[in-house]
Amino acid sequence: TGPPASRPGVDAAALPSSGAVTGPSVLATLRGVTGGYDHDDDSLGRAGVPSPDDRLWRHPSEVAAARSATTAEPPSPRSPHPWVVAGLGGAIGACLTAAALAVGGAFSPDVVESTVIREEAVPVSLSLPDQQPAMEVADRMAPSLARIEAVAGESLVTGSAIVHDRDGHLLTNAHVVEKASSIVAVLDGELRQTAEVVGLDATTDLAVLRIPDGDALTPVALRTDEPAHVGEQAIALGFPLGLAGAPSVSTGIVSGHRSRIETTDGRILYGLIQTDATIEAGSSGGALFDADGRVLGITTAVVSTDGTAGGLSFAIPADQVVRVVDQLVADGQVIHAWMGVEGDAGATQPARVVDVVASGPAARSGLAEDDIITTIDGQPIASMADVILAIRNRYPGEVIEIEYVRDGQLETCRVELSERPI
């Protein structure tokens with residue numbers, strides 16, 4: 001058989017369709033790759049195929065012949081060379097394997113013989129993030145979100161809201177609607193309804209709206225039976241920049257919990273869920289869902305280093321939402337519990353009492369300036385922000401047990417919370 005007329009290298013057209021390496025023509029083709037090519041002529045060198053003892057590789061048929069001709073013990077297998085790369089997908093024939101070995105040019109000086117044996121490469125399955133939960137949540141929960149358009153003076157403020165019940169109640173952020181003179185809620189299919197404020201609470205940045213026709217609404221489920229876990233999937237839905245159409249979706253994880261953040265407009269929020277899911281302007285009041293479509297929290301704020309959204313975002317946990325919303329729906333206002341102590345809420349630790357309000361609940365129970373609160377109802381307290389959050393999660397009239405350190409001694413007292421003065 002004469003040499004192939006193609007350029008040097010492994011000519012796929014010269015190989016059998018089955019992928020097996022057979023015949024002298026294929027050996028000649030491989031020789032063009034392994035270094036026997038005459039660069040001054042567009043053909044293979046005239047010397048022909050070297051004998052097996054003069055080559056760095058052998059054809060499988062030559063290997064079989066060599067093995068059948070000897071009765072000696074087979075040599076112990078050599079360790080594979082570290083530069084060999086396997087599993088690049090698909091089945092690769094021996095001819096391509098031989099070409100790859102030769103082109104690599106990394107044989108050790110002491111290697112005098114290399115055997116090429118045809119093997120089927122194992123396809124590699126690349127593991128990609130599972131987006132199925134996000135797709136399902138977005139599809140199922142999109143009708144439970146509303147785009148909010150609030151007119152405040154000469155400005156139009158846009159935000160998001162979630163459907164709370166079939167009585168027409170929607171939940172959003174207080175800062176979206178607190179200055180509004182008129183509000184429109186845009187629901188599934190661009191259905192526009194006028195909304196009114198039932199009540200809002202600037203302390204927690206939550207508000208309840210009501211639209212007249214809520215019979216066909218699909219309420220969300222708030223996850224209050226367990227907190228958001230760091231590392232679990234988080235799916236944010238909202239209407240960034242007031243864009244029309246279906247809500248936008250972004251995914252990430254619950255990346256932490258923050259006891260206190262201060263916003264650019266002076267609001268101080270406590271006990272927030274932190275996520276790396278992107279939340280843009282206009283998504284305030286939207287929902288942060290878990291992989292099952294339950295609401296972990298209501299989105300409220302983002303961290304920005306250059307004036308744009310992105311990076312870290314924050315949501316008000318579902319248990320806080322329920323505690324506040326129940327009161328807003330029932331009474332239009334929220335009554336917060338109060339203990340009557342002051343401290344540096346910005347300090348990371350410890351929870352040192354800076355001042356005690358005279359005749360307040362804490363004063364009546366014996367707490368004093370410079371006491372360091374360590375636990376409330378058995379829960380560790382690391383900072384004054386933890387104290388504020390613990391009190392906020394309780395109602396006036398509840399009695400709490402406090403452990404504190406005074407002059408190096410651990411003390412205990414019981415405090416009956418009262419209603420926070422306006």
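I began with T275 and located it in strand β11, residues 268-275; helices (H or I, at least four residues) and strands (E, at least two) are DSSP runs numbered from the N terminus. The model is predicted, and local features need pLDDT of at least 70, side-chain atom pairs count only at pLDDT 80 or more, and totals for chains, interfaces and linings use all residues. Residues are numbered from 1 along each chain as its sequence is written, and side-chain values use heavy atoms, with hydrogens and water left out.

I checked the accessibility of T275: because its relative accessibility is 0%, T275 counts as buried (under 20% relative accessible area, 1.4 Å probe, protein chains only).

I listed the contacts of T275 (heavy atoms within 4.5 Å); not counting residues up to four places away in sequence, T275 touches A234, I253, S255, L288, G311, L312 and S313. I noted that the T275 side chain reaches the backbone nitrogen of A277 at 3.0 Å.

I then looked up the largest nonpolar core (buried Ala, Val, Leu, Ile, Met, Phe, Trp, Tyr and Cys residues joined through side-chain atoms within 4.5 Å) and found 27 residues, with I162, L171, F289 and V321 having the most contacts inside it. Among the elements that each supply at least two residues of this core are β11, β12 (287-289) and β14 (313-317). Helix α6 gives the most, with 4 residues.

For F289, leaving aside neighbours within four places in sequence, I recorded contacts including V137, M141, A234 and L296. I also recorded a second, separate core of 21 residues, which includes I373, I381, V387 and Y404.

Methods: Buried < 20%, exposed > 50% of the residue type's maximum accessible area, 1.4 Å probe, protein only. Polar contact = N/O pair within 3.5 Å; in protein donor to acceptor, adjacent residues only side chain to side chain.
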